[in-house]
Amino acid sequence: MTVSIDWLAFVQVFVAALAGAAIVVTCYAVGLRLLVRAGRAPVVAPAEFTDAITVVSDKDLARAAKAAAKAAKKSPLTVGQKRLAYIGALASFGVAGLAVLGGLLLILFNH
């Protein structure tokens with residue numbers, strides 16, 4: 001009994017996975033960058049785990065929120081440019097989400 005590997009199929013799957021990962025990561029990074037440029041920097045409270053190495057205090061979280069608000073006020077963009085950056089951020093997140101959804105659909109229904 002011999003084992004035969006279809007190397008062309010292996011390369012196709014590898015390239016598709018690499019391209020899909022690059023698309024998702026790039027779109028998400030561009031979306032975050034545009035979100036910050038729009039003056040809506042995401043400040044997320046960290047999850048606290050019992051075995052966490054570093055725990056962010058409420059004081060540090062408030063300081064980060066204050067810094068984000070200050071940066072949003074100092075933005076050199078006009079209101080229209082901020083709105084356009086926000087729409088671009090949403091579009092970029094949408095493309096990343098569609099890429100993930102497309103990959104899942106390929107996995108589920110392309111047997």
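These questions and answers concern a predicted model.

Reader: Which helix gives the most to the lining of the largest pocket?
Author: The largest pocket holds about 250 Å³ of space. Two helices, α1 (7-37) and α3 (79-109), each supply at least two residues of its lining. The helix that gives the most, with 7 residues, is α3.

Reader: How many charged residues are in the lining of the largest pocket?
Author: The lining includes Val13, Ala16, Val24, Leu104 and Ile107. Gly20, Gly102 and Gly103 also line the pocket, and Gly counts as polar. By class there are 9 nonpolar and 3 polar residues, and the number of charged residues is none.

Reader: Which residue forms a salt bridge with Arg63?
Author: The count comes to 1 salt bridge. Both of its residues lie in helix α2 (residues 58-73), 3 residues apart, about one turn of the helix. The closest N and O atoms are 3.2 Å apart, which is within the 4 Å cut-off, so the pair counts as a salt bridge. The partner of Arg63 is Asp60.

Reader: Is Arg63 buried, exposed or partly exposed?
Author: Buried means under 20% relative accessible area and exposed means over 50%. The partner Asp60, at 32%, is partly exposed. Because its relative accessible area is 48%, Arg63 is partly exposed.

Reader: What is the area of the nonpolar surface patch that Ile5 helps make?
Author: Ile5 lies in the segment before α1. Its relative accessible area is 49%, and patch residues need over 30%, so Ile5 passes that cut-off. Other members of the patch include Val3, Trp7, Phe10 and Leu18. The area of the patch is about 890 Å².

Definitions and conventions. Residues are numbered from 1 along each chain as its sequence is written. This is a predicted model: local features need pLDDT of at least 70, side-chain atom pairs count only at pLDDT 80 or more; totals for chains, interfaces and linings use all residues. Side-chain values use heavy atoms; hydrogens and water are left out. Patches are made of residues with over 30% relative accessible area and no salt bridge: like charges are joined within 9 Å, nonpolar side chains (Val, Leu, Ile, Met, Phe, Trp, Tyr) within 5 Å. Accessible areas come from the Shrake-Rupley method with a 1.4 Å probe; for residues, only the protein chains shown count as cover. A salt bridge is a side-chain nitrogen of Lys or Arg within 4 Å of a carboxyl oxygen of Asp or Glu. Helices (H or I, at least four residues) and strands (E, at least two) are DSSP runs, numbered from the N terminus. Buried means under 20% relative accessible area, exposed over 50%, partly exposed in between (1.4 Å probe, protein chains only). On a 1 Å grid over the protein atoms alone, a cavity is a set of points where a 1.4 Å probe fits but cannot get out, and a pocket is an open set with protein on both sides within 12 Å along at least five of seven lines; lining residues have an atom within 4 Å of a point. Grid points are joined across faces, edges and corners, and a volume is the space filled by probe spheres set on the points.
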